[in-house]
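Work through the exercises below with the sequence and the structure side by side. Each task is followed by a solution that goes step by step.

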Amino acid sequence: MDSTIQAFFAPCPRGLEPVLVDELTGLGAAAVKATAGGVAFRGTLALCYRVNLESRIASRVLLRIAEGAYRDEQDVYDAAYAIRWQDWFTPQQRIKVKVSAHRCPLKSLDFVTLRVKDAVCDRLQYARGKRPSVDTHAPDILIAVYLDGTACTLYLDTSGEPLFKRGWRKSAGEAPIRENLAAGILRLSKWAPDLPLYDPMCGSGTFVVEAALMARRIAPGIGRRFAFEKLLSFAPPTLNDVREELQAAEIDAQSGLIHAADQSAQAITSIRANLALAGLTESVTLQQGDVLHLPPPAEAGLLVTNPPYGHRMGEGDALKTFYPQFGDHLKKHFCGWTIQIFTADMKLPGLLRLAPSRRVPLFNGAIECRLFEFRMVAGSLRKKRADGV
Ligand SMILES: C[S@@+](CC[C@H](N)C(=O)[O-])C[C@H]1O[C@@H](n2cnc3c(N)ncnc32)[C@H](O)[C@@H]1O
């Protein structure tokens, strides 16, 4: 196996960079450095396989193959043409070029995309006598280009389908959050598998499925394929070694610690299907009911949830009466629990009449959200109505 050290970039939902830094460091990455929207790191291709299989927080893993200054489209073409693409893939493979930019002075990103595609095809024509064809739906090779104000960076995407597609989601339910966002929120909440966990408005069950995968030490990507398998550098024995090591590390379910509930029968059907597909039926207890009428499933623990949000679900007025009741329910019955609520509604603490002990800005796609933490200590955190947070 190639032991060359390569540079990588792992994008993630904005706000999760610090927990991704910890995760990548734990997986053995070197030179780990957070930037907005992702984390740069260095390591071997074996590490790249490991991160693809094991990261719960990265959205994908990009292998950096060139970086340079540019002023116009021709500079970007030249940078792309200079790369020995023939070392990475063959002209028989179908490619896709994806350009993203921040403060890029060039007029048309579509034109840049076209120029990079031309450069790759021209270079393969020169080196191998044949041009690859483009396939924007199911490419073998995904080339990612990132332009800032002055520099362009070219990457090979080693993941393919984004890593939050774990393969367990059969049924999406209403407004699910992404798997890597849910996993990152569990990490930010410092949840450990011996602590009872409860999502009383679980929808399709993203939090509890991610928690159950963590508890059983199942690598999130163990059952899926990756784009790096199509690169000429691919070393199947190395991937097999990583897979075997990860499978050997899985442990059995400790039942009775992870709990999910939802008032919707459809959501319960959906989560049941998802748990079955993920092989996690034994790991999560399920209950159908209104959160306001359900008692806590344990004396203390972590309640993590992503409640309905007015704008998204069109229930604005009903929610104005629901949230104060939910706040009262928490105060009355969840003493000793830590509550983590992920929402796009910045007024949520005021509606719950609870004072957050922490608020972490996070992005759900382009939507700015908060993870509000409330520590339910008897009486001490009651929110006074007057200060209207
Ligand atoms: C935004 S969705 C949660 C999505 C979930 N995090 C996921 O990833 O699939 C909110 C969920 O809250 C449920 N819900 C709304 N009001 C409820 C209540 N009073 N009691 C229990 N569940 C409720 C809805 O049925 C819906 O499934």
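**Exercise 1.** Decide whether R103 is buried, partly exposed or exposed in this predicted model, and then describe its backbone angle phi.

*Solution.* Begin with the accessible area: R103 has a relative value of 70%, and since exposed means over 50%, R103 counts as exposed. Next, locate the residue in the chain, where R103 belongs to the loop between β5 and α4. Finally, turn to the backbone, where the phi of R103 is near 60°, a positive value in a residue other than glycine. Most residues other than glycine have a negative phi.

**Exercise 2.** Carry out the analysis again for R217, asking where it lies and whether it is buried or exposed.

*Solution.* The first step places R217 in the loop between α6 and α7, the latter helix spanning 236-249. The second step uses the relative accessible area, which is 51% for R217, so that this residue is exposed. The third step concerns phi, which is positive in R217, at about 55°, although R217 is not a glycine.

**Exercise 3.** Find the salt bridges that R94 forms, and explain which parts of the chain they connect.

*Solution.* A search of the whole structure gives 19 salt bridges. One of them joins R94 to D135, with the closest N and O atoms 2.7 Å apart. R94 lies in the loop between α3 (73-81) and β5 (95-101), whereas D135 lies in the loop between α4 (109-128) and β6 (141-147), so this pair ties together parts that are 41 residues apart in sequence.

R94 also forms a salt bridge with D140, and here the closest N and O atoms are 3.4 Å apart. This second pair again links distant parts of the chain, with R94 in the loop between α3 and β5 and D140 in the loop between α4 and β6, 46 residues apart.

The last step is to compare each residue with the cut-offs. R94 has a relative accessible area of 32% and is therefore partly exposed, while D135, at 15%, counts as buried, and D140, at 12%, counts as buried. Taken together, R94, D135 and D140 are linked with K230 in a network of salt bridges.

**Exercise 4.** For the salt bridge between E229 and R225, state the distance and determine whether each partner is buried or exposed.

*Solution.* The side chains of E229 and R225 meet at 2.7 Å, taken from N to O. Because E229 has a relative accessibility of 16%, it counts as buried, whereas R225, at 64%, counts as exposed.

**Exercise 5.** Examine E17 and say which side chain of opposite charge is nearest to it.

*Solution.* E17 belongs to helix α1, which covers residues 17-26. E17 is buried and yet has no salt bridge, the nearest side chain of opposite charge being that of R14, 5.5 Å away. A salt bridge would require a distance within 4 Å. A polar atom of the E17 side chain does, however, lie 2.8 Å from the backbone nitrogen of G15.

**Exercise 6.** Describe the surroundings of the ligand, and name the atoms that approach its nitrogen atoms.

*Solution.* Start with the shell of 21 residues around the ligand, of which I177, S204, T206, D262 and V291 come nearest. By class, this shell has 10 nonpolar, eight polar and three charged residues.

Then consider the separate approaches to nitrogen atoms of the ligand. A backbone N or O atom of V291 lies 2.9 Å from one such nitrogen atom, a polar side-chain atom of D290 lies 3.1 Å from a ligand nitrogen atom, and for a backbone N or O atom of Q263 the distance to a nitrogen atom of the ligand is 3.2 Å. As for cover, the ligand has 610 Å² of accessible area on its own, and the protein covers 95% of this.

**Exercise 7.** Determine whether A260 and M214 are buried or exposed, and give the C-alpha distance from each to its stated partner, G205 and Q340 respectively.

*Solution.* A260 is part of strand β9, residues 258-262, and at 2% relative accessibility it counts as buried. Its C-alpha atom is 7.2 Å from that of G205, although A260 and G205 are 55 residues apart in sequence.

M214, in turn, is part of helix α6, residues 206-215, and with a relative accessible area of 9% it is buried. M214 and Q340 are 126 residues apart along the chain, and their C-alpha atoms are separated by 18 Å.

Notes. Residues are numbered from 1 along each chain as its sequence is written. This is a predicted model: local features need pLDDT of at least 70, side-chain atom pairs count only at pLDDT 80 or more; totals for chains, interfaces and linings use all residues. Side-chain values use heavy atoms; hydrogens and water are left out. A residue is near a molecule or strand if one of its heavy atoms lies within 4 Å of it. A polar contact is a pair of N or O atoms within 3.5 Å; within protein, one must be able to donate a hydrogen and the other to accept it, and residues adjacent in sequence count only if both atoms are side-chain atoms. Accessible areas come from the Shrake-Rupley method with a 1.4 Å probe; for residues, only the protein chains shown count as cover. Ala, Val, Leu, Ile, Met, Phe, Trp, Tyr, Cys and Pro count as nonpolar, Asp, Glu, Lys and Arg as charged, and the others, Gly among them, as polar. Helices (H or I, at least four residues) and strands (E, at least two) are DSSP runs, numbered from the N terminus. Buried means under 20% relative accessible area, exposed over 50%, partly exposed in between (1.4 Å probe, protein chains only). Lys and Arg count as positive and Asp and Glu as negative; His and the chain ends are not counted.
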